[in-house]
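Here are a few exercises to work through with the model open beside you. Try each task before you read its solution.

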Amino acid sequence: MRDDEHDVEYAVSVRDVSKNYGDVEALKDLSLDFPRGQLTSILGPSGCGKTTLLKIIAGLLSPTSGEVEVNGKTVTGPGPDRAFVFQDFALLPWASVIRNVAFGLELRGVAKSERESIAQKYIKNVGLSGFENSFPHELSGGMRQRVGLARALSVDAQVLLMDEPFSAVDEQTRRKFQEDLLSLVQQESKTFIFVTHSIEEAVFVSDQIAILLPRPSRVSEIIKPTGIRNKGTDNIRRDPEYLDIVDRIWASLRSYVE
Amino acid sequence: MKVLGYRLPGMSSLLLWGLLWEIVGRLDVTFFIPPLSEVFQTLFSIIGTPAFVKAISETAYAFVVGVTSAIVIGVPVGILMGKSRLLDELLLPWVNIFLSAPLTALVPVLMVLFGFGMKSIIIITTLFAVWIIILNSRAGVMQINRSLVEMAHCFGASPMDAFTKIYFWAALPEILGGVRIGVIRGVKGVIIGQLLISIVGFGALFELYSANFLMGHFWAVLIVLFALAFTISEFLAYLERRVGYYASKR
Amino acid sequence: MRNRPLFLKLLSAVIVFGAWEIAGRIPVSYAFPTFLESMSALATLTLEGTIFTAYAETLKPLVVGIIISAVLGIGIGLWTGLSAKFDWLFSPIFVVMQAAPLAALIPLLIMVYGIGLTSKVLVVCIMAMPVIVLNTSGAVRNTPDTLKEMGRAFLGTERDLLLKIVIPAASPIIFAGLRLGVSAGFIGAILSELKITPTGVGDIITYSRSIADYPSMYAAIFSIIVLAVLFLNLLERVERHLFKGNIRGYVSD
């Protein structure tokens, strides 16, 4: 019954995935497991195939070889068990906030009144009450990403895939987002897969950090900053363990940065 | 599109259409569509004739003079509009009006004012081409990055230096874009002018051919005209790309 | 000054019309009436009702032609934008049409379809259609990739993607294409009235020129230009209102 235990422990498993673009090997025999209910960051220098890996998990790209399992089922395309948060938000500019948030449900054929009441709840959760009928161009970058987050939450998928979600917002908003994300991970029993290029961000928010090195991409190291997780958001950034991990990751990445 | 792994060149489908034309022509579906091969034979037989040479040189003359004056007038006016707010506010409404106005309607006025000849056709060509050149030059100057302007000030560039070394180059992609569209419009203008004042250039040639139902001749001239227009527009698009490489990175 | 833009617009109108008036009074040419003469001729044409019957005639081929071009043009544009095969097959034709002086086809159209309404409608169509097709296909092809990815990630079907993402995302540029098509259609409609048979406004222009009633001729030309500009302005306003916050550049002129 080892397999059962395994299924409970990991929500997503990536097995020997390779991805080639023509002659270019973007990913080579990459294997990685994502524990259920935790946040795993994928961290690496630009061009290391982080986003490619995330899109393969999402089912938006298919791997050249290897496979991805979500809850024990092989991924063949996008599915209701995963939701995606996009780096550039991917909001419909012609649709109001509430329609954008409810768009995932709309595509699943949920009735209008029902999907709007669900959307309403998540708009409130992400702190955008009162903006239901605003349009994306009337919102700041940070608020737009809150809409993208609410959209992903409202379809109630067990796995949330986030592609550098905070890279297009300013530093202060970003910090607020990171703190909100930590409480979100605690509240929701979801599995988060979080792609980032910021070392500090990864250490701050993650239960597990997978470091990807480029050409061709492979997982070089998995770090679990368990010691700092329960110290409270206000204390993490000055915790010696936090600083040590940040330094250690930088030391292993610096030679790959141009 | 790819066939058997080979990328077909962009315009290659025109060959297919040419083939279709040939077949329709051979089947004798209508008197108005002679086989393409016949059209090309006619083309080679008339290309050196005095009537054709006269038509094309008259057209080229009107076109070159008209478009050159449009550029000579349009670029400086546009740049001045981009630099001076007063001038901009005074002229912009008119530029916008004439940009979208059906200028064809002005041809009768030009005919009574400037006669049924070359002068009117040149003016029509200029009128067709000039507005978009003005508008694009203006837009080019207005979008120049503030920090480029400030950089010029910081390093003590004289107004003349700033203009010739920075503003002109920074606005060049837009200016060239305007010139390209202006030239395409000029081609249309010169033909519309000749159609309405049908004693000059291709206008006269068309009258002659349609009076005698010379379909092969007609199509031959159309092919020459379309091919020339397309070549000119592609050549300018190529030039624009040569300069445009930095347009997106300013 | 708060009303500066309005004031300057009025000022520039006064300068231009004033220059017209003065040039007419000198006169620069026997065929150059003053601004006021032309405007009073326009008033007469309007009071007599001549101008309304003329426009009813002129707008017929324009409206029919624009409707045909819009339906066909958007259809072909969507088709070529979505399918690489049809793009390869059809786009070159419209690219050449866009660059070519299509007015040269008019004598041919007259030979084939005579001098009736059909020819005039076709003139409007060949002028208006290329820009509508090219704008539509370009807009469809340039749908932002992340929006399409988002649609797929949230389990949209191909049909959902087309109806809820691709077409709405393309609609500002499709609409702009329609506006440019209308602009080209005006050129076609007037050209066909001047070249094919003088009817409607073309008739007023041609007739008053033949009897040397220049004020009426200028009045008719003035009115058609004003009408076209006002209508296109209206379309632009509708466009701006409809696609607020969703404005991207035009694909082509």
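**Exercise 1.** Which residue of S8(A) is the bridge partner of Ser41(A)?

First, some ground rules. This is a predicted model, where local features need pLDDT of at least 70 and side-chain atom pairs count only at pLDDT 80 or more, while totals for chains, interfaces and linings use all residues. Residues are numbered from 1 along each chain as its sequence is written, and chains are lettered from A and ligands numbered from 1 in the order in which they are written.

Step 1: find the strands. Strands (E, at least two residues) and helices (H or I, at least four) are DSSP runs, numbered from the N terminus. Strand S3 covers residues 39-43 of chain A, and strand S8 covers residues 191-196 of chain A.

Step 2: check the pairing. Two strands pair if DSSP finds at least two bridges between them; S3(A) and S8(A) have five, in the parallel sense.

Step 3: read off the partner. Ser41(A) bridges to Phe194(A).

**Exercise 2.** Place S3(A) in its sheet, then say how its residues are covered.

Step 1: write the strand order. The sheet is open, has six strands with mixed pairing, and runs S6-S7-S8-S3-S9-S10 in chain A.

Step 2: look at the edges. Strand S6 (82-85) and strand S10 (218-223) of chain A each have a single partner strand, so one side of each has no neighbour in the sheet.

Step 3: go to the other side of S3(A). Strand S9 (residues 208-213) of chain A runs parallel to S3(A), joined by four bridges. In that pair, Thr40(A) has Gln208(A) as its bridge partner.

Step 4: check burial (20 or more other C-beta atoms within 10 Å of a residue's own, with C-beta atoms placed from the backbone). Five of the five residues in S3(A) are buried. Leu39(A), Ser41(A) and Leu43(A) point one way, while Thr40(A) and Ile42(A) point the other way.

**Exercise 3.** Describe the build of chain B.

Step 1: count elements. Chain B has ten helices and two strands, and the two strands come ahead of the helices in the pattern β-β-α-α-α-α-α-α-α-α-α-α.

Step 2: compare with a globule. The radius of gyration, taken over C-alpha atoms, is set against a rule of 2.2 Å times the number of residues to the power 0.38. Chain B comes to 22 Å, well over the 18 Å that the rule gives for 250 residues, so it is more spread out than a compact globule.

Step 3: add the box and the burial. The C-alpha atoms fill roughly 75 × 60 × 30 Å along the principal axes, and 40% of the 250 residues are buried.

**Exercise 4.** Work out which chains touch.

Step 1: fix the term. Residues are in contact if their C-beta atoms, placed from the backbone, lie within 7 Å.

Step 2: go through the pairs. Chains A and B do not touch, with their nearest C-alpha atoms 13 Å apart. Of the two pairs that touch, chains B and C have the most contacts.

Step 3: count residues. Between B and C, 44 residues of chain C meet 43 residues of chain B. Chain A gives 19 residues to its contact with chain C, which gives 14. Helix H3 (residues 97-107) of chain A supplies the largest share of chain A's side, three residues.

Methods: A residue is buried if 20 or more other C-beta atoms lie within 10 Å of its own, exposed if 12 or fewer, and partly exposed in between; C-beta atoms are placed from the backbone.
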